[in-house]
2 protein chains.
Amino acid sequence: MINVELSNIWSCVSLPQLLGAEKDLYDAHLHLCNHQPIGNDYLGWLALPDAITAKTIHAVRSSADEIRAAGDTLVVIGAGGAYLGAKAGTQLLGRQNRMQRGTRILFAGDNFSSGSWLALCDQLGGCDFSLMLVSTGDADMAPAVASRALRWMMERRYGSEAKTRIYVSAPQESFMAVMAKEEGYTFLPMPQQLGGAFSALTSAALVPLAAAGIDPLAVFEGAAEAYSTYDLRAFENPVWMYAGARHVLCSEARRTTELLGTFEPDFAAFGDWWQQSVFFHTCQQGAGLIPIHVSIPAAINAIDRAISSAQYPVFETLLRVPLPAGQKVNVEMDWKDYDSLGYLSGRTLADVEQASFEGMLQTHAAADVPVVVLESDPLNAAQLGELFYFFELTNAICACASGIDPFEPQNRQPSRAYTEQLLGKPAGQDA
Amino acid sequence: MINVELSNIWSCVSLPQLLGAEKDLYDAHLHLCNHQPIGNDYLGWLALPDAITAKTIHAVRSSADEIRAAGDTLVVIGAGGAYLGAKAGTQLLGRQNRMQRGTRILFAGDNFSSGSWLALCDQLGGCDFSLMLVSTGDADMAPAVASRALRWMMERRYGSEAKTRIYVSAPQESFMAVMAKEEGYTFLPMPQQLGGAFSALTSAALVPLAAAGIDPLAVFEGAAEAYSTYDLRAFENPVWMYAGARHVLCSEARRTTELLGTFEPDFAAFGDWWQQSVFFHTCQQGAGLIPIHVSIPAAINAIDRAISSAQYPVFETLLRVPLPAGQKVNVEMDWKDYDSLGYLSGRTLADVEQASFEGMLQTHAAADVPVVVLESDPLNAAQLGELFYFFELTNAICACASGIDPFEPQNRQPSRAYTEQLLGKPAGQDA
């Protein structure tokens, strides 16, 4: 359960304003639930954690087992939520597993950089690897180009056995499904989602996580519990608290930029996932918040400057996720005390971190900057599932509450259409 | 020379508006130059590239040589511009050198994470390493705590020889200078800068770069040439073009958020440096732009959504920096053409990348989103120096033009004062 603490937002919005958002939130939540048909072939993301089948879990686990048996590296190629979700999950939970000799997970296909490609080839020299291709539908150009190159590399290296090392997660109706079938790749169907809804909780993200040693069932169980907890249509629901605060901060107080502060360097990829998910699902027609992810304490000094005047249309969301209790690390003694921090001796890093968080919170709140604090249980696979679901549902409700459809069947992205034209795509051809 | 292309901003601002900023820019530039006394002990950052001495270059090079001779790893501990600049530079230029077996550069001290600390210990097991401590003045808490721990680790591992492996870059008057002198560490003085001005072009950043195999003299020469080129007080000066565009987009068109798009994954750390430098030096009293760094093409789909409505107070700056011409990589053939991208065959990754950039530029400009394009020469050490200087000078001029002093002798950061109080800092004691 994620605890949402709103005591530091009242300099900008009032309790009646927040409560006044109730109808918007209710309608938004209802709209979401009514527009997400649930069935075997057509699971919506909303109830996905609840509707996941044993067959899916089995497929994820056995793919991960095969990947681990086939080598020490998995290359994930993709774009969008599932890809970024896999990156976030492996960064957050992979470290402890890497130390126990889990599979190395590499990511590719989010750029057209020749240098990155050559560096990847270098990393793959002399090791046995498998390939996971992820797509929520259309052929995005960057992952498709990487997929061509890596499939070709595998064929040269493994010959006819290459196909046993390639895994595809995509919707049933996509070109990727056709490719998997014709080439004999392992296919893990992704729910048929209208235009790229949230996909961090699909097999596309779970196979890499499982290969890195993270139990996919635990991730799903966390998400399933979140699904039932957060379905409540009232302000006791943490998602309503967070979504309501964002909604009124944005629409009433015109705080149109959200700074998400996280406190562990390993949250970098999660921050990317969050930032792109907010942009993609909630920013349309001028509605929605502009998202910025920052790492605390690295960015405190920089933000302090800006925040101290309280004149920017910004609010902060501080995401507190304790990492699994590991070894305690003490601040070292220094008899000469050059840095005058002698008063820290006897403290642990965790103590200092907590004080740094509180210092920032109190200072910014005192400067009339609204601060939302989200506190979760210690991080593990289940908590990761809950975190994904919590932010997905919040984003969807916020979007609907401001009159945006977060899952509008997206047209081909405009930049991409123009790019295809520049590259001489034959007219009338459709991916 | 960095080329500034403004042809896609005129949907939001007019040429007379831009030209009307001339007096503000002139005054800002003059103010900067007049308030930066130059002398041996007190170099300002502004003329630093021009005033650097052979002694400094020699000290940087011989430190780097010692570091390379002493082991295969250098740990850099710090915070702020010099630290982030070193990170940016090694990420951008380090790859080719790593392949030629350059020193591995690790970074620490920007967090209180026990997990990161244990991971660092793991990385340092079984290898010989040196330590570089960086500070622009005050003892920031996170780097100071990391410094205590690593100095202690070195003493246990190397005994009395530890001190020959420790390098300190800080101002003459700081506690770090005292520590270096008393302990016998190698000391590289940093210019005595009022309250943390720009420091990406000091020995603090250049020693790690040099250890990674990047010539410090070339970086300085690039910056020195930039210093003379960009001193021009007229709109022929690219810095004036960029600073002027930002100034009028922000103050006249109320486009208060700047999205900096970069096109290579290796620009991630540079993006961090830029984002923190904009926050820290230009965001005060409601003036200045809120900075967001995004990686293109990874974020195109997400931003496309938001941009298409042109209703956000945002403009884009696209930074085009060709990487050194390396091996050309072709898009692979695929006879079955599942992804319908067959029309790309015969193209290189660089072709596709260029089209992706142009597609995005034209699409966003057509949607009336102002886009500034910055184009530099191919990246090398000199170009890196110029990039740092270009953004530093632009930020400083933008800040002064909106009535902000970017180098105001900063008081102890407010969050930090509160944190110290929570941790029981003795009253009256000053670091």
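**A sheet in chain A, and how the two chains relate**

Asn3(A) sits opposite Glu375(A), a residue of strand 10 of chain A. I start with that pair, and I should say at once that this is a predicted model.

The two strands behind this part of the talk are strand 1 and strand 10 of chain A, the latter covering residues 371-375. They pair in the antiparallel sense, over four bridges.

Now the sheet as a whole. Which order do its strands take? In chain A the order is 1-10-9-7-8, five strands in an open sheet with mixed pairing. Strand 1 (3-8) and strand 8 (290-295) of chain A are at the edges, and each has a single partner strand, so one side of each has no neighbour in the sheet. On average, neighbouring strands here are turned by 20° against each other, with direction ignored.

Next, a helix. Helix 12 of chain A, residues 268-282, lies across three elements of that chain: strand 7 (257-262), strand 8 and strand 9 (314-320). Relative to strand 8 of chain A, helix 12 runs at about 175°.

Last, the two chains. Chain B is superposed on chain A by a rotation of 180° with 0.0 Å of shift along the axis, and the RMSD is 0.0 Å. This is the relation of a two-fold axis. As for the contact, both copies use the same surface: 100% of the contact residues of chain B recur in chain A.

Which residue of chain B comes closest to the rotation axis? That is Ile292(B), with its C-alpha at 3.2 Å.

Methods: Residues numbered from 1 in each chain as written. Chains lettered and ligands numbered in written order. Predicted model: local features only at pLDDT ≥ 70, side-chain atom pairs only at ≥ 80, totals over all residues. Heavy atoms only, no water. Pairing = 2+ DSSP bridges. Axes fitted to C-alpha atoms, helices over the stretch in contact; angles between N-to-C directions. Contact = heavy atoms within 4.5 Å. Least-squares fit on C-alpha atoms with pLDDT ≥ 70 in both.
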